[in-house]
Amino acid sequence: MDFGYTTEQQDLRQEVRKFIDENVSQGLLDEMEAGEEGGRGPEYRELVKKVADKGWIGISWPKEYGGQSGSRIDQYIVEEEFMRRGIGIGGAGSGAPAILAAGTEEQKEYFIPGMIRGEIIFALGFTEPQAGADLAGLQCRAVRDGDDFVINGQKMYTSAAHYASHIYMMCRTDPDAPRHRGISIFLIPMDTPGITVRPLWTIQSDPPAPPGTTYGMPRTNETFFENVRVPASCMLGEENGGWYVGAMGLNLDRVGASRYLISVRRDEDIVNWVKENDFNGYSPAENPAVRDKIAEMWTEAQVCRLMTMRSMSLVNRGGNFTYEGSAEKVWAPEHGVKTTEAIAQMLGPYAQLLSNSEENIEDGLFAHNLMGSFQSGINHGSVQIMRDQMARRGLGMPRG
Ligand SMILES: Cc1cc2nc3c(=O)[nH]c(=O)nc-3n(C[C@H](O)[C@H](O)[C@H](O)COP(=O)(O)OP(=O)(O)OC[C@H]3O[C@@H](n4cnc5c(N)ncnc54)[C@H](O)[C@@H]3O)c2cc1C
(Lines give C-alpha, C1' and ligand atoms only; values in the text may rest on other atoms or scores of the structure.)
Protein backbone atom coordinates (compact mmCIF):
# COMPACT_ATOMS: atom_id res chain seq x y z
CA MET A 1 0.00 0.00 0.00
CA ASP A 2 1.41 3.38 -0.99
CA PHE A 3 0.38 6.33 1.20
CA GLY A 4 2.58 8.76 -0.74
CA TYR A 5 1.47 11.60 -3.00
CA THR A 6 2.18 11.78 -6.72
CA THR A 7 4.62 14.41 -8.02
CA GLU A 8 1.65 16.42 -9.33
CA GLN A 9 -0.01 16.32 -5.92
CA GLN A 10 3.19 17.45 -4.21
CA ASP A 11 3.49 20.31 -6.72
CA LEU A 12 -0.12 21.28 -6.05
CA ARG A 13 0.60 21.42 -2.30
CA GLN A 14 3.60 23.70 -2.87
CA GLU A 15 1.57 25.95 -5.16
CA VAL A 16 -1.22 26.23 -2.57
CA ARG A 17 1.28 27.06 0.18
CA LYS A 18 2.83 29.79 -1.96
CA PHE A 19 -0.61 31.17 -2.78
CA ILE A 20 -1.54 31.28 0.91
CA ASP A 21 1.71 33.06 1.81
CA GLU A 22 1.00 35.67 -0.84
CA ASN A 23 -2.74 36.10 -0.34
CA VAL A 24 -3.68 35.51 3.29
CA SER A 25 -3.33 38.91 4.92
CA GLN A 26 -3.31 39.77 8.60
CA GLY A 27 -6.48 41.76 7.87
CA LEU A 28 -8.23 38.56 6.80
CA LEU A 29 -7.09 36.67 9.89
CA ASP A 30 -8.25 39.54 12.13
CA GLU A 31 -11.60 39.61 10.34
CA MET A 32 -12.04 35.86 10.82
CA GLU A 33 -11.08 36.02 14.48
CA ALA A 34 -13.58 38.84 15.09
CA GLY A 35 -16.12 36.18 14.07
CA GLU A 36 -18.65 38.50 12.46
CA GLU A 37 -20.69 36.96 9.61
CA GLY A 38 -19.35 33.63 10.90
CA GLY A 39 -15.84 34.79 9.94
CA ARG A 40 -16.92 35.17 6.29
CA GLY A 41 -16.65 38.94 5.89
CA PRO A 42 -15.45 40.96 2.85
CA GLU A 43 -11.79 39.85 3.07
CA TYR A 44 -12.78 36.19 3.30
CA ARG A 45 -15.12 36.52 0.32
CA GLU A 46 -12.36 38.22 -1.67
CA LEU A 47 -10.02 35.32 -0.89
CA VAL A 48 -12.67 32.76 -1.91
CA LYS A 49 -13.01 34.48 -5.30
CA LYS A 50 -9.25 34.24 -5.84
CA VAL A 51 -9.20 30.58 -4.78
CA ALA A 52 -12.14 29.88 -7.11
CA ASP A 53 -10.27 31.60 -9.97
CA LYS A 54 -7.40 29.15 -9.37
CA GLY A 55 -9.92 26.31 -9.84
CA TRP A 56 -9.38 25.05 -6.29
CA ILE A 57 -12.92 25.01 -4.94
CA GLY A 58 -15.02 22.00 -5.77
CA ILE A 59 -12.14 20.38 -7.63
CA SER A 60 -13.97 17.07 -7.70
CA TRP A 61 -17.28 18.63 -8.79
CA PRO A 62 -18.19 18.24 -12.47
CA LYS A 63 -16.75 20.65 -15.04
CA GLU A 64 -20.15 21.49 -16.49
CA TYR A 65 -21.12 23.12 -13.17
CA GLY A 66 -17.88 25.03 -12.69
CA GLY A 67 -15.78 22.34 -10.97
CA GLN A 68 -12.73 20.57 -12.36
CA SER A 69 -13.98 16.94 -12.54
CA GLY A 70 -10.75 16.31 -10.65
CA SER A 71 -9.58 14.14 -7.83
CA ARG A 72 -10.91 14.21 -4.25
CA ILE A 73 -7.32 13.88 -3.09
CA ASP A 74 -6.41 17.16 -4.85
CA GLN A 75 -9.39 18.78 -3.20
CA TYR A 76 -8.26 17.36 0.12
CA ILE A 77 -4.75 18.79 -0.33
CA VAL A 78 -6.14 22.27 -0.95
CA GLU A 79 -8.52 22.05 2.03
CA GLU A 80 -5.74 20.68 4.21
CA GLU A 81 -3.35 23.54 3.46
CA PHE A 82 -6.00 26.19 4.11
CA MET A 83 -7.21 24.48 7.29
CA ARG A 84 -3.62 24.38 8.55
CA ARG A 85 -3.82 28.19 8.58
CA GLY A 86 -7.27 28.05 10.22
CA ILE A 87 -9.22 28.88 7.05
CA GLY A 88 -12.09 26.62 6.06
CA ILE A 89 -12.48 26.60 2.31
CA GLY A 90 -14.01 24.28 -0.23
CA GLY A 91 -16.37 21.41 -0.51
CA ALA A 92 -16.89 19.54 2.76
CA GLY A 93 -20.04 20.39 4.68
CA SER A 94 -21.51 22.43 1.85
CA GLY A 95 -24.51 20.33 0.83
CA ALA A 96 -23.08 20.02 -2.69
CA PRO A 97 -22.96 16.19 -2.81
CA ALA A 98 -26.73 15.97 -2.25
CA ILE A 99 -27.44 18.63 -4.90
CA LEU A 100 -25.18 16.90 -7.40
CA ALA A 101 -26.79 13.53 -6.72
CA ALA A 102 -30.44 14.53 -6.52
CA GLY A 103 -30.78 18.04 -7.97
CA THR A 104 -32.47 19.02 -11.22
CA GLU A 105 -30.26 20.43 -14.01
CA GLU A 106 -31.54 23.88 -13.12
CA GLN A 107 -30.60 23.44 -9.45
CA LYS A 108 -27.12 22.15 -10.27
CA GLU A 109 -26.49 25.00 -12.72
CA TYR A 110 -27.62 27.58 -10.20
CA PHE A 111 -26.26 26.32 -6.89
CA ILE A 112 -22.93 24.65 -7.67
CA PRO A 113 -21.26 27.60 -9.49
CA GLY A 114 -22.67 29.96 -6.82
CA MET A 115 -21.12 27.82 -4.08
CA ILE A 116 -17.81 27.72 -5.92
CA ARG A 117 -17.77 31.53 -6.08
CA GLY A 118 -18.62 31.69 -2.35
CA GLU A 119 -21.85 33.54 -3.10
CA ILE A 120 -24.16 30.74 -1.98
CA ILE A 121 -23.81 29.52 1.58
CA PHE A 122 -26.28 27.07 3.07
CA ALA A 123 -27.53 26.86 6.62
CA LEU A 124 -28.60 23.35 7.55
CA GLY A 125 -32.20 23.15 8.77
CA PHE A 126 -32.66 19.59 9.99
CA THR A 127 -32.89 19.63 13.80
CA GLU A 128 -36.09 20.75 15.56
CA PRO A 129 -36.97 21.20 19.26
CA GLN A 130 -38.44 17.65 19.35
CA ALA A 131 -36.29 16.06 16.64
CA GLY A 132 -32.52 15.87 17.06
CA ALA A 133 -30.99 12.41 17.31
CA ASP A 134 -34.45 11.14 16.39
CA LEU A 135 -34.55 13.30 13.26
CA ALA A 136 -37.30 11.31 11.56
CA GLY A 137 -39.68 12.75 14.17
CA LEU A 138 -39.47 16.21 12.59
CA GLN A 139 -42.70 18.19 12.36
CA CYS A 140 -41.97 21.31 10.32
CA ARG A 141 -44.75 21.15 7.71
CA ALA A 142 -44.67 21.95 4.02
CA VAL A 143 -48.16 21.88 2.49
CA ARG A 144 -48.70 21.99 -1.24
CA ASP A 145 -50.77 24.91 -2.53
CA GLY A 146 -50.96 24.87 -6.33
CA ASP A 147 -47.42 25.28 -7.70
CA ASP A 148 -46.12 26.32 -4.27
CA PHE A 149 -45.46 24.86 -0.86
CA VAL A 150 -46.29 26.76 2.32
CA ILE A 151 -43.95 26.05 5.24
CA ASN A 152 -44.68 26.44 8.94
CA GLY A 153 -42.53 25.31 11.85
CA GLN A 154 -39.30 25.80 13.76
CA LYS A 155 -35.73 24.63 13.29
CA MET A 156 -33.11 24.50 16.06
CA TYR A 157 -29.32 24.97 15.89
CA THR A 158 -29.40 26.43 12.38
CA SER A 159 -25.78 27.44 12.83
CA ALA A 160 -25.06 29.53 9.74
CA ALA A 161 -28.56 30.99 9.37
CA HIS A 162 -27.50 34.54 10.35
CA TYR A 163 -25.17 34.89 7.35
CA ALA A 164 -26.26 32.12 4.95
CA SER A 165 -27.87 32.96 1.62
CA HIS A 166 -30.04 29.79 1.64
CA ILE A 167 -31.30 27.10 3.96
CA TYR A 168 -31.20 23.41 3.09
CA MET A 169 -34.06 22.03 5.13
CA MET A 170 -36.14 18.96 5.78
CA CYS A 171 -39.92 19.28 6.06
CA ARG A 172 -42.76 16.86 6.52
CA THR A 173 -44.78 16.73 3.33
CA ASP A 174 -46.91 13.66 4.10
CA PRO A 175 -47.95 13.34 7.75
CA ASP A 176 -49.80 10.06 7.06
CA ALA A 177 -46.81 8.20 5.57
CA PRO A 178 -44.37 6.15 7.72
CA ARG A 179 -42.01 8.61 9.45
CA HIS A 180 -39.03 8.26 7.09
CA ARG A 181 -41.18 8.34 3.96
CA GLY A 182 -43.12 11.57 4.43
CA ILE A 183 -40.15 13.96 4.38
CA SER A 184 -38.90 16.25 1.59
CA ILE A 185 -35.92 18.58 1.25
CA PHE A 186 -36.18 22.22 0.20
CA LEU A 187 -33.49 24.71 -0.82
CA ILE A 188 -34.83 28.11 0.16
CA PRO A 189 -33.41 31.66 0.00
CA MET A 190 -33.05 33.05 3.50
CA ASP A 191 -34.63 36.35 2.48
CA THR A 192 -37.98 34.66 1.70
CA PRO A 193 -40.75 36.47 3.64
CA GLY A 194 -41.82 34.69 6.83
CA ILE A 195 -38.35 33.47 7.93
CA THR A 196 -37.07 34.79 11.27
CA VAL A 197 -33.64 33.99 12.72
CA ARG A 198 -33.05 34.33 16.46
CA PRO A 199 -29.59 33.88 18.01
CA LEU A 200 -28.87 30.99 20.33
CA TRP A 201 -25.66 31.83 22.18
CA THR A 202 -23.46 28.95 23.24
CA ILE A 203 -21.13 28.41 26.18
CA GLN A 204 -18.32 29.89 24.02
CA SER A 205 -19.92 33.33 23.80
CA ASP A 206 -19.63 34.53 27.40
CA PRO A 207 -16.83 35.07 28.20
CA PRO A 208 -15.81 35.16 24.54
CA ALA A 209 -13.42 32.50 23.30
CA PRO A 210 -10.02 34.03 22.46
CA PRO A 211 -8.56 34.18 18.91
CA GLY A 212 -7.08 30.85 17.87
CA THR A 213 -9.76 28.74 19.60
CA THR A 214 -10.16 25.71 17.38
CA TYR A 215 -13.30 24.22 18.91
CA GLY A 216 -16.86 25.33 19.34
CA MET A 217 -18.87 28.18 17.91
CA PRO A 218 -20.16 31.13 19.95
CA ARG A 219 -23.46 31.36 18.12
CA THR A 220 -26.02 29.10 16.56
CA ASN A 221 -29.69 29.98 15.91
CA GLU A 222 -33.34 29.12 16.09
CA THR A 223 -35.13 29.72 12.79
CA PHE A 224 -38.87 30.20 12.54
CA PHE A 225 -41.02 29.68 9.44
CA GLU A 226 -44.38 31.36 9.32
CA ASN A 227 -46.41 30.83 6.14
CA VAL A 228 -43.22 30.76 4.06
CA ARG A 229 -44.35 30.34 0.47
CA VAL A 230 -41.85 28.77 -1.94
CA PRO A 231 -42.23 27.40 -5.48
CA ALA A 232 -42.25 23.60 -5.81
CA SER A 233 -39.03 23.97 -7.82
CA CYS A 234 -37.24 24.58 -4.47
CA MET A 235 -37.63 20.88 -3.66
CA LEU A 236 -34.47 18.77 -3.86
CA GLY A 237 -35.12 15.24 -5.09
CA GLU A 238 -38.48 13.56 -5.06
CA GLU A 239 -41.43 14.57 -2.94
CA ASN A 240 -41.40 12.40 0.23
CA GLY A 241 -37.99 11.00 -0.73
CA GLY A 242 -36.01 13.57 1.28
CA TRP A 243 -34.88 11.28 4.08
CA TYR A 244 -32.64 9.23 1.82
CA VAL A 245 -31.21 12.26 -0.04
CA GLY A 246 -30.52 13.99 3.28
CA ALA A 247 -28.84 10.96 4.85
CA MET A 248 -26.64 10.37 1.79
CA GLY A 249 -25.68 14.06 1.64
CA LEU A 250 -24.85 14.24 5.35
CA ASN A 251 -22.72 11.12 5.11
CA LEU A 252 -20.67 12.54 2.23
CA ASP A 253 -20.48 15.95 3.89
CA ARG A 254 -18.80 14.37 6.91
CA VAL A 255 -15.73 13.61 4.83
CA GLY A 256 -13.05 16.25 4.66
CA ALA A 257 -9.77 17.58 5.92
CA SER A 258 -11.34 19.88 8.47
CA ARG A 259 -12.30 17.25 11.00
CA TYR A 260 -8.90 15.79 11.54
CA LEU A 261 -7.07 19.08 11.07
CA ILE A 262 -8.92 20.74 13.93
CA SER A 263 -7.28 18.12 16.16
CA VAL A 264 -3.88 18.40 14.53
CA ARG A 265 -3.77 22.18 14.85
CA ARG A 266 -4.57 21.97 18.53
CA ASP A 267 -2.04 19.18 19.07
CA GLU A 268 0.59 21.31 17.33
CA ASP A 269 -0.37 24.31 19.52
CA ILE A 270 0.22 22.30 22.67
CA VAL A 271 3.50 20.82 21.47
CA ASN A 272 4.78 24.33 20.72
CA TRP A 273 3.47 25.65 24.00
CA VAL A 274 5.14 23.03 26.20
CA LYS A 275 8.40 23.42 24.28
CA GLU A 276 8.48 27.18 24.75
CA ASN A 277 7.09 27.63 28.27
CA ASP A 278 7.83 26.64 31.81
CA PHE A 279 6.28 27.14 35.24
CA ASN A 280 8.89 28.78 37.48
CA GLY A 281 11.64 26.57 36.14
CA TYR A 282 9.54 23.41 35.72
CA SER A 283 9.42 22.48 32.04
CA PRO A 284 6.46 20.26 31.07
CA ALA A 285 8.36 19.23 27.91
CA GLU A 286 10.90 17.41 30.11
CA ASN A 287 8.23 15.49 32.04
CA PRO A 288 8.10 11.87 30.76
CA ALA A 289 4.35 11.60 31.43
CA VAL A 290 3.69 14.74 29.32
CA ARG A 291 5.95 13.53 26.50
CA ASP A 292 4.23 10.16 26.53
CA LYS A 293 0.75 11.74 26.37
CA ILE A 294 1.71 14.09 23.55
CA ALA A 295 3.12 11.22 21.50
CA GLU A 296 -0.12 9.30 22.06
CA MET A 297 -2.22 12.31 20.96
CA TRP A 298 -0.13 12.80 17.87
CA THR A 299 -0.45 9.12 16.92
CA GLU A 300 -4.24 9.26 17.27
CA ALA A 301 -4.33 12.39 15.11
CA GLN A 302 -2.53 10.43 12.38
CA VAL A 303 -5.21 7.73 12.62
CA CYS A 304 -7.82 10.47 12.00
CA ARG A 305 -5.82 11.59 9.00
CA LEU A 306 -5.64 8.09 7.53
CA MET A 307 -9.37 7.55 8.03
CA THR A 308 -10.03 10.80 6.17
CA MET A 309 -7.69 9.81 3.35
CA ARG A 310 -9.36 6.43 3.07
CA SER A 311 -12.82 8.01 2.79
CA MET A 312 -11.58 10.47 0.17
CA SER A 313 -10.00 7.69 -1.81
CA LEU A 314 -13.15 5.57 -1.57
CA VAL A 315 -15.37 8.42 -2.79
CA ASN A 316 -12.84 9.19 -5.53
CA ARG A 317 -13.01 5.61 -6.79
CA GLY A 318 -16.82 5.64 -6.69
CA GLY A 319 -16.75 2.94 -4.00
CA ASN A 320 -19.65 1.97 -1.80
CA PHE A 321 -19.49 4.63 0.92
CA THR A 322 -21.62 3.48 3.84
CA TYR A 323 -20.27 3.81 7.39
CA GLU A 324 -16.90 5.50 6.77
CA GLY A 325 -18.15 9.09 7.24
CA SER A 326 -19.77 8.04 10.53
CA ALA A 327 -16.51 6.44 11.69
CA GLU A 328 -14.64 9.71 11.06
CA LYS A 329 -17.38 11.60 12.86
CA VAL A 330 -16.83 9.40 15.94
CA TRP A 331 -13.05 9.27 15.94
CA ALA A 332 -12.20 12.95 15.35
CA PRO A 333 -14.50 14.57 17.98
CA GLU A 334 -13.66 11.95 20.60
CA HIS A 335 -9.96 12.47 19.93
CA GLY A 336 -10.64 16.19 20.37
CA VAL A 337 -12.33 15.77 23.75
CA LYS A 338 -9.63 13.38 24.93
CA THR A 339 -6.77 15.65 23.97
CA THR A 340 -8.28 18.88 25.30
CA GLU A 341 -8.84 17.06 28.61
CA ALA A 342 -5.27 15.74 28.56
CA ILE A 343 -3.95 19.26 27.90
CA ALA A 344 -5.89 20.61 30.89
CA GLN A 345 -4.36 17.87 33.07
CA MET A 346 -0.83 18.40 31.75
CA LEU A 347 -0.88 22.15 32.27
CA GLY A 348 -2.72 22.09 35.59
CA PRO A 349 -5.52 24.17 37.09
CA TYR A 350 -4.53 27.49 35.47
CA ALA A 351 -5.17 26.01 32.03
CA GLN A 352 -8.80 25.58 33.08
CA LEU A 353 -9.38 29.30 33.59
CA LEU A 354 -11.41 31.11 30.92
CA SER A 355 -10.66 34.29 28.99
CA ASN A 356 -12.12 36.53 31.70
CA SER A 357 -9.71 35.35 34.41
CA GLU A 358 -6.51 37.29 35.10
CA GLU A 359 -4.62 34.13 36.02
CA ASN A 360 -5.43 32.24 32.81
CA ILE A 361 -2.92 30.76 30.36
CA GLU A 362 -2.89 32.02 26.74
CA ASP A 363 -5.99 34.12 27.29
CA GLY A 364 -7.96 31.00 28.29
CA LEU A 365 -7.33 29.24 24.96
CA PHE A 366 -6.94 25.72 26.38
CA ALA A 367 -9.99 26.05 28.66
CA HIS A 368 -12.16 27.31 25.80
CA ASN A 369 -10.99 24.48 23.56
CA LEU A 370 -11.86 22.03 26.33
CA MET A 371 -15.41 23.43 26.60
CA GLY A 372 -15.87 23.72 22.85
CA SER A 373 -14.65 20.22 22.07
CA PHE A 374 -17.90 18.73 23.37
CA GLN A 375 -19.93 20.52 20.68
CA SER A 376 -18.17 18.64 17.91
CA GLY A 377 -19.40 15.31 19.27
CA ILE A 378 -22.99 16.54 18.93
CA ASN A 379 -23.29 18.70 15.82
CA HIS A 380 -23.64 17.12 12.37
CA GLY A 381 -24.89 13.90 14.03
CA SER A 382 -23.98 12.88 17.58
CA VAL A 383 -21.32 10.23 18.20
CA GLN A 384 -23.91 7.85 19.70
CA ILE A 385 -26.01 7.99 16.54
CA MET A 386 -22.86 7.63 14.38
CA ARG A 387 -21.95 4.46 16.31
CA ASP A 388 -25.42 3.10 15.65
CA GLN A 389 -24.96 3.78 11.91
CA MET A 390 -21.59 2.01 11.95
CA ALA A 391 -23.17 -1.00 13.65
CA ARG A 392 -25.92 -1.18 11.05
CA ARG A 393 -24.17 -0.16 7.84
CA GLY A 394 -20.68 -1.38 8.61
CA LEU A 395 -21.33 -4.50 10.68
CA GLY A 396 -24.75 -5.48 9.33
CA MET A 397 -26.43 -5.43 12.73
CA PRO A 398 -30.22 -4.94 12.99
CA ARG A 399 -31.74 -1.52 13.68
CA GLY A 400 -31.58 -0.86 17.48
C1 LIG B 1 -22.99 23.62 18.20
C2 LIG B 1 -24.05 22.88 17.46
C3 LIG B 1 -24.30 23.20 16.13
C4 LIG B 1 -25.31 22.54 15.42
N5 LIG B 1 -25.58 22.91 14.13
C6 LIG B 1 -26.64 22.38 13.48
C7 LIG B 1 -27.05 22.86 12.20
O8 LIG B 1 -26.40 23.75 11.62
N9 LIG B 1 -28.17 22.34 11.65
C10 LIG B 1 -28.91 21.36 12.24
O11 LIG B 1 -29.90 20.91 11.66
N12 LIG B 1 -28.54 20.85 13.47
C13 LIG B 1 -27.44 21.36 14.10
N14 LIG B 1 -27.08 20.90 15.35
C15 LIG B 1 -27.97 19.94 16.01
C16 LIG B 1 -27.36 18.57 16.20
O17 LIG B 1 -27.33 17.83 15.02
C18 LIG B 1 -28.24 17.91 17.31
O19 LIG B 1 -27.96 18.60 18.50
C20 LIG B 1 -27.97 16.44 17.45
O21 LIG B 1 -28.47 15.75 16.36
C22 LIG B 1 -28.58 15.88 18.76
O23 LIG B 1 -29.93 16.26 18.87
P24 LIG B 1 -30.50 16.92 20.22
O25 LIG B 1 -29.63 18.08 20.59
O26 LIG B 1 -31.96 17.20 20.03
O27 LIG B 1 -30.29 15.84 21.34
P28 LIG B 1 -31.21 14.53 21.68
O29 LIG B 1 -31.82 14.05 20.43
O30 LIG B 1 -32.14 15.01 22.76
O31 LIG B 1 -30.14 13.58 22.22
C32 LIG B 1 -29.50 13.81 23.49
C33 LIG B 1 -28.37 12.80 23.62
O34 LIG B 1 -28.90 11.48 23.65
C35 LIG B 1 -28.27 10.68 22.65
N36 LIG B 1 -29.26 9.78 22.05
C37 LIG B 1 -30.49 10.10 21.62
N38 LIG B 1 -31.08 9.03 21.08
C39 LIG B 1 -30.22 7.99 21.19
C40 LIG B 1 -30.26 6.61 20.81
N41 LIG B 1 -31.32 6.07 20.22
N42 LIG B 1 -29.17 5.84 21.07
C43 LIG B 1 -28.08 6.38 21.67
N44 LIG B 1 -27.99 7.68 22.05
C45 LIG B 1 -29.03 8.47 21.81
C46 LIG B 1 -27.76 11.65 21.62
O47 LIG B 1 -26.65 11.13 20.90
C48 LIG B 1 -27.37 12.84 22.48
O49 LIG B 1 -26.07 12.65 23.00
C50 LIG B 1 -26.06 21.53 16.06
C51 LIG B 1 -25.78 21.20 17.40
C52 LIG B 1 -24.79 21.85 18.09
C53 LIG B 1 -24.52 21.48 19.52
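Here is a short conversation about a predicted model of a protein chain with a ligand.

Colleague: Happy to have this one on screen! Into which domains is the protein chain divided?
Modeller: Good place to start, and please keep in mind that this is a predicted model. Between domain 1 and domain 3, the centres taken over C-alpha atoms are 23 Å apart. The chain as a whole is divided into domain 1 (7–116), domain 2 (122–240) and domain 3 (246–394).

Colleague: Thanks! Now to the ligand: which domains each give at least three residues to the shell around it?
Modeller: The ligand has 16 residues around it. At least three of the shell residues come from each of two domains, namely domain 2 (122–240) and domain 3 (246–394).

Colleague: Of the residues around the ligand, which come nearest?
Modeller: Let me give you some of the atom pairs before the list. The side chain of Thr127 has an N or O atom 2.7 Å from a nitrogen atom of the ligand, and for the side chain of Ser159 the distance to a ligand nitrogen is 2.7 Å. An oxygen atom of the ligand lies 2.5 Å from an N or O atom in the side chain of Ser382. The residues that come nearest are Thr127, Tyr157, Ser159, Ser382 and Gln384.

Colleague: What share of the ligand's exposed area does the protein bury?
Modeller: The polar contacts include the one from Ser382, whose side-chain N or O atom is 2.5 Å from a ligand oxygen. Taken alone, the ligand exposes 970 Å², and of that the protein buries 63%.

Colleague: By class, how many residues of the shell around the ligand are charged?
Modeller: Seven residues of the shell are nonpolar and nine are polar. The number of charged residues in the shell is none.

Colleague: Tyr157 caught my eye. What is its phi?
Modeller: Tyr157 sits in the loop between β3 (148–156) and β4 (166–172), and it is among the residues that come nearest to the ligand. Although Tyr157 is not a glycine, its phi is positive, at about 55 degrees.

Colleague: Asn227 is in a strand, so to speak of that one too: is Asn227 buried or exposed?
Modeller: Asn227 belongs to strand β7, and its phi is near 50 degrees, a positive value in a residue other than glycine. Because the relative accessibility of Asn227 is 53%, it counts as exposed.

Colleague: Which two residues does the cis peptide bond with an omega of about -5 degrees join?
Modeller: Look in the loop between β6 (195–201) and β7 (219–231), where Pro207 has its place. The cis peptide bond joins Asp206 and Pro207.

Colleague: Is Asn369 buried or exposed?
Modeller: Asn369 is part of helix α11 (residues 365–376). Beyond its neighbours within four places in sequence, Asn369 is in contact with Thr213, Thr214, Tyr215, Arg266 and Thr340. With a relative accessibility of 1%, Asn369 counts as buried.

Colleague: How far apart in space are Ala327 and Val255, C-alpha to C-alpha?
Modeller: Ala327 lies in helix α10 (residues 324–347) and is buried, at 7% relative accessibility. Setting aside neighbours within four places in sequence, Ala327 touches Met307 and Met390. Ala327 and Val255 are 72 residues apart in sequence, and their distance in space is 10.0 Å.

Colleague: One last thing: why is Ser283 counted as buried?
Modeller: Ser283 is in the loop between α8 (257–276) and α9 (288–316), where it contacts Asn277 and Asp278, leaving aside its neighbours within four places in sequence. Buried means under 20% relative accessible area. Ser283 is therefore buried, as its relative accessible area is 18%.

Notes. Residues are numbered from 1 along each chain as its sequence is written. This is a predicted model: local features need pLDDT of at least 70, side-chain atom pairs count only at pLDDT 80 or more; totals for chains, interfaces and linings use all residues. Side-chain values use heavy atoms; hydrogens and water are left out. Helices (H or I, at least four residues) and strands (E, at least two) are DSSP runs, numbered from the N terminus. Buried means under 20% relative accessible area, exposed over 50%, partly exposed in between (1.4 Å probe, protein chains only). Contact means heavy atoms within 4.5 Å. A residue is near a molecule or strand if one of its heavy atoms lies within 4 Å of it. A polar contact is a pair of N or O atoms within 3.5 Å; within protein, one must be able to donate a hydrogen and the other to accept it, and residues adjacent in sequence count only if both atoms are side-chain atoms. Accessible areas come from the Shrake-Rupley method with a 1.4 Å probe; for residues, only the protein chains shown count as cover. Ala, Val, Leu, Ile, Met, Phe, Trp, Tyr, Cys and Pro count as nonpolar, Asp, Glu, Lys and Arg as charged, and the others, Gly among them, as polar. Domain bounds come from an automatic or database domain assignment.
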